[in-house]
Amino acid sequence: MAHNEYGNSMRLTHLLKAAAVAAALAAAGVSQAGTVDTIKKRGELVCGVSQGSAGLSIADKQGRWTGLDADLCRALAAAVLGDPEKTRFVPLSSQQRFPALQSGEIDVLNRNTTITSGRDAGLGIVSAGIVFYDGQGFLVPRKLGVKSATELDGAQVCVQPGTVNEQNLVDYFKKNKLTYRPVVIENLVELEQAFYAGRCDVYLSDASTLAASRAARASQPDDFVILPERINKSPLGPFVRQDDPNWASIVRWTVNALVAAEELGITSKNADSQAQSADAQVRRLLGVDAGIGKSFGLDESWAKNAIKAVGNYGEVWDRNLGAATPLKLERGLNAQWNQGGLLYSPPFQ
C-alpha cells in the first residue's frame, strides 16, 4: 500500500472509531457538553467545598473562600467562563457532599475527598484527578504524653460519620488489638470544637486537615501534636457525575494544566509572555497552537486563563499550604515527579 493510501486508511479508521463512540454516547443519552453548556447558561460554576478546612477550602471574615480546593474551583471557572470570580461556593458536610453532586446541586465537588474504588464504582460519580497526596493520622493534646498511635488503647476518638476516616479507624484499632470509644459528630466545626474542648482525646482525619485545624482552631497550636503514623493512603481530588465524560476530562486536564505549568516554568505573571515560547508543550498548553480547547468545547485560552487566575500548582501550594502559611506543610509527595514527589502531568498534545 502506498504511503498516502495507508495514511488515508488510518484516518478513516480513526473517524469510524470516533463516530462509533459518539453514537454509543448518544444512545446512552450522554451529552458530552452538558455540564459546560449548563455552566455557561447559568453564568457561574457551582463548586462544592468543605465547611471550613484551612489551606483547602475555608471562608474568611469577608466571606471569600481560600485554599487549594477553592483555587481549583476558580481555575475551572476561568477555564469555562474566562472569569475565576464567576464561582459559587457551596459548603457541604461529609454526608451531604455526594447527594449534592448526584442531584446536580453542584457541578463539581472539590472538598478534600479521598479517591476510592467504591466511590468511582457505585455512586454514579467519578474522580477527576489527584490534587493532594495525603494520609490519615491522629491529632492529640501534647499533655497526654502520647508518642505513637499504638499508645491510644481506650482513647475517645472524634470522627465524622460516612467518611473513609471512620472505616479506617475501625480497621486500625482492630488490626492493632486496641480499644476505643468513638465520638461521632457530623458537622466538622462542631467536631473540632468538641475535640479542643476536651470531649475526646483524639481527632482522626487526613494529616492536612489536622494541620489546618490545629492552625486555625486551636487557641494554642503548639499544645497539640500530630502523631507520626499514617494509617492509609489518602489521595484527594475533585469528583464529577459520571454521565458527562467531557466535563470529567475538562476537570482532570485543568488539574494537569496547573501541574504542567509548574514543570514548564509558566506562572500567573508570565503566562502571556510564555505564549511566545518555541516549546511545543508550552504552546499547546497556552493555546497558541490550537486544538485542545476546541476538542473540549472551550476557548483555546482555557488553560492559560486558569493559570493566570490562580497560578501554577506550586503557586497554589505556597499561597495556601506552604512555609509562609500557618500550616507550614512540606511539599513531600506533592512535589513534582522530578523533585522527588508524585506530581506528574501527561503531555498536552
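This note covers two strands, the aromatic pairs, and the pockets and cavities of a predicted model.

1. **Basis.** Local features need pLDDT of at least 70 in this predicted model, side-chain atom pairs count only at pLDDT 80 or more, and totals for chains, interfaces and linings use all residues. Residues are numbered from 1 along each chain as its sequence is written, and side-chain values use heavy atoms, with hydrogens and water left out.

2. **Strand β1.** β1 spans residues 45-49, and 5 of its 5 residues are buried. Buried means under 20% relative accessible area, exposed over 50%, and partly exposed in between (1.4 Å probe, protein chains only). Strands (E, at least two residues) and helices (H or I, at least four) are DSSP runs, numbered from the N terminus. Neither face of β1 is left open: Leu45, Cys47 and Val49 are buried on one side, Val46 and Gly48 on the other.

3. **Partners of β1.** Two strands pair if DSSP finds at least two bridges between them. β1 runs parallel to β4 (residues 87-91), with 5 bridges. There, Gly48 faces Val90. β1 also runs parallel to β5 (residues 108-109), with 2 bridges. In that pairing Cys47 is opposite Val108.

4. **Strand β8.** This strand (residues 136-141) has 6 of 6 residues buried, so it is largely enclosed by the rest of the structure. One side carries Gln136, Phe138 and Val140; the other carries Gly137, Leu139 and Pro141; all are buried. β8 is antiparallel to β11 (residues 202-206) over 4 bridges. Gln136 has Asp206 as its bridge partner in β11. β8 is also antiparallel to β12 (residues 224-226), through 3 bridges. Here Leu139 sits opposite Ile226.

5. **Aromatic pairs.** The whole structure yields 16 aromatic pairs. Rings of Phe, Tyr and Trp (its six-membered ring) pair if their centres lie within 6.5 Å; planes under 30 degrees apart are stacked, over 60 edge-to-face, the rest tilted. Trp65 and Phe89 are stacked, at 5.9 Å centre to centre and 25 degrees between planes. Trp65 lies in β3 (residues 65-66) and Phe89 in β4, so the pair ties together parts 24 residues apart in sequence. Both Trp65 and Phe89 are buried. Phe138 and Tyr172 form a tilted pair: 5.5 Å between centres, 50 degrees between planes. Phe138 belongs to β8 and Tyr172 to helix α6 (residues 164-175), so this pair ties together parts 34 residues apart in sequence. Phe138 is buried at 0% relative accessible area. Tyr172 counts as buried at 11%. Ring pairs link Phe138, Tyr172, Phe173 and Tyr180 into a cluster.

6. **Largest pocket.** The volume is about 320 Å³. On a 1 Å grid over the protein atoms alone, a pocket is an open set with protein on both sides within 12 Å along at least five of seven lines; a cavity is a set of points where a 1.4 Å probe fits but cannot get out; lining residues have an atom within 4 Å of a point. Grid points are joined across faces, edges and corners, and a volume is the space filled by probe spheres set on the points. The lining has 19 residues, with Tyr133, Asp134, Gly135, Leu333 and Asn334 nearest the centre. β7 (132-134), α8 (207-217) and β13 (234-236) each give two or more residues. β7 gives the most, with 3. By class the lining has 9 nonpolar, 5 polar and 5 charged residues. Nonpolar covers Ala, Val, Leu, Ile, Met, Phe, Trp, Tyr, Cys and Pro; charged covers Asp, Glu, Lys and Arg; the others, Gly among them, are polar. Domain 1 (35-133 + 236-338) and domain 2 (135-232) each supply at least three lining residues. The bounds come from an automatic or database domain assignment.

7. **Cavities.** There are 3 cavities of 30 Å³ or more. The largest has a volume of about 140 Å³. Its lining has 16 residues, with Arg97, Arg111, Asn112, Asn165 and Asp206 closest to the centre. The class split is 2 nonpolar, 10 polar and 4 charged. Both domain 1 and domain 2 give residues to this lining, so the largest cavity lies between them. The second largest cavity holds about 80 Å³. Its lining has 7 nonpolar, no polar and 1 charged residues. α3 (68-81), α9 (245-264) and α14 each give two or more residues to that lining.
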